[in-house]
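User: I would like to go through this model step by step. Please keep the answers short and end each one on what I asked for.

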Amino acid sequence: MKRNNDLIIWDPGELIYEIGSPPHEAYLITEGRVKIETKDKFTLSTLGIGEIFGESSLLLDTNRTVTAKASSKQVIAKIIPKEYFLKLKDNDIVLSALVRKTQVRLMDANNKINQLANEVSELLSSLKGDSKIDGELSNFSSGTIIVGK
């Protein structure tokens, strides 16, 4: 990571922040892509130019709830200081409440997606070894779906 005034640069694959770390700032991507992952390494989204990340923890005053990593290219982002979000909370309580509620819903959805991904993974693992199901799964994963045999 390199800082240059109000910009920050991460190398490809570099960890930006991880779950549980305290937030100090948010970021506006100006170049590259950032992968957002759950604690179980499930990719929730990949963000690109013009998108903000890291704001949820600042708005909700919590530690990071996801991990952010630079994707395969270098990432350059504008730093949005914590103070910006503190001013938002103080100056416009309605907007602050709306944004806060949206962030809480997003975090809840992220948790549910992670839980569902784990359940699907466990289900697929339990089905491996059944020759009939393995054949159907290989047809499905190759994009070949046979209807009405």
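User: Is isoleucine 93 buried or exposed?
Analyst: Isoleucine 93 has a relative accessible area of 65%. Buried means under 20%, exposed over 50% and partly exposed in between, with a 1.4 Å probe and protein chains only. Isoleucine 93 therefore counts as exposed.

User: Before we go on, how were these values obtained, and how high is the mean pLDDT of the chain?
Analyst: This is a predicted model, where local features need pLDDT of at least 70, side-chain atom pairs count only at pLDDT 80 or more, and totals for chains, interfaces and linings use all residues. Residues are numbered from 1 along each chain as its sequence is written, and side-chain values use heavy atoms, leaving out hydrogens and water. pLDDT is the predictor's confidence in each residue, from 0 to 100. In this chain 86% of residues reach 70 or more, and the mean is 83.

User: Over residues 141-149 the pLDDT is below 50, so to speak a weak spot; how many contacts does this stretch have beyond near neighbours in sequence?
Analyst: Contact means heavy atoms within 4.5 Å. Leaving aside near neighbours in sequence, the count for residues 141-149 in the model is five.

User: Back to isoleucine 93: which helix holds this residue?
Analyst: Helices (H or I, at least four residues) and strands (E, at least two) are DSSP runs, numbered from the N terminus. The run with isoleucine 93 covers residues 93-127. That is helix H3.

User: How much accessible area does the nonpolar patch with Ile93 have?
Analyst: A patch takes residues with over 30% relative accessible area and no salt bridge, joining like charges within 9 Å and nonpolar side chains (Val, Leu, Ile, Met, Phe, Trp, Tyr) within 5 Å. Areas come from the Shrake-Rupley method with a 1.4 Å probe; for residues, only the protein chains shown count as cover. Here Ile93, Val94, Leu95 and Leu98 form the patch on the surface. Together they have about 410 Å².

User: Which residue in S6 is the bridge partner of lysine 35?
Analyst: Two strands pair if DSSP finds at least two bridges between them. S5 (residues 34-37) and S6 (residues 43-47) pair in the antiparallel sense over four bridges. Within this pairing, lysine 35 is matched with threonine 46.

User: Which residue in the turn between S5 and S6 has a positive phi?
Analyst: S5 and S6 form a hairpin, with five residues between them. One residue in the turn has a phi of about 70 degrees. That residue is lysine 41.

User: Which residue in S8 stands opposite valine 34?
Analyst: S5 also pairs with strand S8 (residues 67-70), in the antiparallel sense and over four bridges. Opposite valine 34 stands alanine 70.

User: Which strands are at the edges of the open sheet of five strands?
Analyst: The sheet has the order S1-S2-S9-S4-S7, with antiparallel pairing. An edge strand pairs on one side only. The edge strands are S1 and S7 (52-53).

User: Which residue in S7 is the bridge partner of leucine 28?
Analyst: S4 and S7 pair in the antiparallel sense over two bridges. In S7, leucine 28 is matched with isoleucine 52.

User: How far apart in sequence are glutamate 25 and arginine 3?
Analyst: Their side chains meet in a salt bridge, 2.5 Å from N to O; the cut-off is a side-chain nitrogen of Lys or Arg within 4 Å of a carboxyl oxygen of Asp or Glu. Glutamate 25 lies in S4 (residues 25-31) and arginine 3 in S1 (residues 2-4). The pair links distant parts of the chain, at a separation of 22 residues.

User: Which parts does the salt bridge of glutamate 37 and lysine 69 tie together?
Analyst: The closest N and O atoms of this pair are 3.4 Å apart. Glutamate 37 is buried at 4% relative accessible area, while lysine 69 is partly exposed at 24%. Glutamate 37 and lysine 69 are 32 residues apart in sequence, so the pair ties together S5 and S8.

User: Which residue is linked with Glu37 and Lys69 in a network of salt bridges?
Analyst: The structure holds six salt bridges. The network has Glu37, Lys69 and Lys35.

User: What is the distance between the C-alpha atoms of leucine 106 and serine 56?
Analyst: Serine 56 lies in helix H1 (residues 55-60), and leucine 106 in helix H3. Serine 56 touches Gln103 and Leu106, not counting residues up to four places away in sequence. Leucine 106 and serine 56 are 50 residues apart along the chain, and their C-alpha atoms are separated by 8.9 Å.
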